[in-house]
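Hi everyone, thanks for coming. I'd like to walk you through one structure today, so have a look at the screen and follow along with me.

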Amino acid sequence: LRERLMAAPGALADYEILELALAYTIPRRDTKPLAKELLKQFRSLKGVFNAPLEDLRAVKGVGQAQEAHFTLLRELRARIEESRVGEREVMNQPGKVAAMARARLGGSRDEQFWIALVDTRLRLIGWEQAASGTVDRTVVHTREIIRLAVTRKATGIILVHNHPGGSLTPSQADKDLTRKIIMGAQGVDLLVHDHIIVTDDAFFSFRDNKLVFPDFIQG
């Protein structure tokens, strides 16, 4: 299988790719049955890759070594995606931030809140986690976001959080939080350029949907 991988990686079936990935943590044993069972359970390589660890460990044959390996692969993916949006990259399109955020947050079962810190030209100078929470609730403190921005000498921020349930529709709590952060940021001349909600394969931009403007703040 490794010889076939080196000769023509694109020719391998999904279960064979997964079989090889598992072989690094299960040496000297046939990993094909486990690979096929994982694909059966989670329907695709993407489903296996993004499955919560507690769901993976429920599959017979998956142990701590496999959990650590999948965590490593996910972290590699997130860091590669984040590195594509390098420091000083101009963040003038929601899709740029969303791609970086989906790699980090898309498969998370818990809600997380991150901020992209930018300068006056919308160039990225930082990507920081501001809060994490439960499956449908994150406690975000405006003062912590402002502290992060001031510490990094940012003049603007782009708010980002994920919806583990898959819905892109902003809740009333999302809107209220955005309004609160915008109003708090005004006190230190900090601009909130956007608030982006991400799921595993899509995103919602407050700005694109006319929700980061004075009428929204006052509404």
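Let's jump in with a little network: Lys46, Asp200 and Asp201 are linked by salt bridges. Keep in mind that this is a predicted model. One link in that network is the salt bridge between Asp201 and Lys46, where the closest N and O atoms are 3.8 Å apart. Asp201 is in the loop between strand 4 (191-198) and strand 5 (203-205), while Lys46 belongs to helix 4 (residues 45-50), so this pair ties together parts that are 155 residues apart in sequence. How exposed are the two partners? Asp201 counts as exposed, because its relative accessibility is 56% and the bar for exposed is over 50%. Lys46 has 42% relative accessibility, so it counts as partly exposed.

So how many salt bridges turn up when you search the whole structure? The search finds ten. I'll show you two others.

Here's one from the start of the chain. Arg4 pairs up with Glu16, and their closest N and O atoms are 2.8 Å apart. Arg4 is in helix 1 (residues 2-7) and Glu16 is in helix 2, so to speak, with their positions twelve residues apart, and the pair links distant parts of the chain. Now, is Glu16 buried or exposed? Glu16 is buried, since its relative accessible area is 8% and buried means under 20%. Arg4, on the other hand, comes out as partly exposed at 40% relative accessibility.

The other one stays inside a single helix. Arg179 and Asp176 meet through their side chains in a salt bridge, 3.3 Å from N to O. Both are in helix 9 (residues 172-186), three residues apart, and that is about one turn of the helix. Arg179 counts as buried at 15% relative accessibility, and Asp176 is partly exposed at 37%.

Okay, on to how two helices meet. Look at helix 2 (residues 14-23) and helix 3 (residues 32-42): their axes come within 8 Å and cross at roughly 120°. What do we call that arrangement of helix 2 and helix 3? The two are oblique to each other, because 120° falls outside the ranges for roughly parallel, roughly antiparallel and roughly perpendicular, the last of which runs from 65 to 115 degrees. The crossing is also right-handed.

Which residues do the meeting? On the helix 2 side you have Asp14, Tyr15, Leu18, Glu19 and Leu22, and they meet Lys32, Leu34, Ala35, Lys36, Leu38 and Leu39 on the helix 3 side. Sort the residues of that contact by type and you get seven nonpolar, four charged and no polar.

Between those two helices there's a loop, and Arg28 is in it. Arg28 has a phi near 60°, which is a positive value in a residue other than glycine. That's worth a second look, because most residues other than glycine have a negative phi. Arg28 is also exposed, with a relative accessible area of 82%.

Where else can we find a positive phi like that? Try Lys210, a residue other than glycine with phi near 60°. You'll find Lys210 in the loop between strand 5 and helix 10 (214-218), and at 59% relative accessibility it counts as exposed.

Two more loop residues, and here I want to put distance along the chain next to distance in space. Gly187 is in the loop between helix 9 and strand 4, and it is exposed, with a relative accessible area of 68%. Gly187 and Ile146 are 41 residues apart in sequence, and their C-alpha atoms are 9.8 Å apart. Then there's Lys153, in the loop between helix 8 (142-151) and strand 3 (156-162). Lys153 is exposed too, at 69% relative accessible area. From Lys153 to Arg4 you count 149 residues in sequence, and 51 Å in space from C-alpha to C-alpha.

Let's zoom out for the last bit. The protein's secondary structure comes to ten helices and five strands. Its C-alpha atoms fill a box of roughly 60 × 30 × 30 Å, taken along the principal axes. There are 219 residues, and 44% of them count as buried. And if you take the contacts with a separation of 6 or more, 60% of them are between residues 24 or more positions apart.

That's my tour, thanks for listening!

Note on methods: Residues are numbered from 1 along each chain as its sequence is written. This is a predicted model: local features need pLDDT of at least 70, side-chain atom pairs count only at pLDDT 80 or more; totals for chains, interfaces and linings use all residues. Side-chain values use heavy atoms; hydrogens and water are left out. Axes are lines fitted to C-alpha atoms, for helices over the stretch in contact, and angles run from 0 to 180 degrees between N-to-C directions. Helices (H or I, at least four residues) and strands (E, at least two) are DSSP runs, numbered from the N terminus. Angles under 35 degrees count as roughly parallel, over 145 as roughly antiparallel, 65 to 115 as roughly perpendicular and the rest as oblique. A crossing is left-handed if the near helix is turned anticlockwise from the far one by less than a right angle, and right-handed if clockwise. Contact means heavy atoms within 4.5 Å. Ala, Val, Leu, Ile, Met, Phe, Trp, Tyr, Cys and Pro count as nonpolar, Asp, Glu, Lys and Arg as charged, and the others, Gly among them, as polar. A salt bridge is a side-chain nitrogen of Lys or Arg within 4 Å of a carboxyl oxygen of Asp or Glu. Buried means under 20% relative accessible area, exposed over 50%, partly exposed in between (1.4 Å probe, protein chains only).
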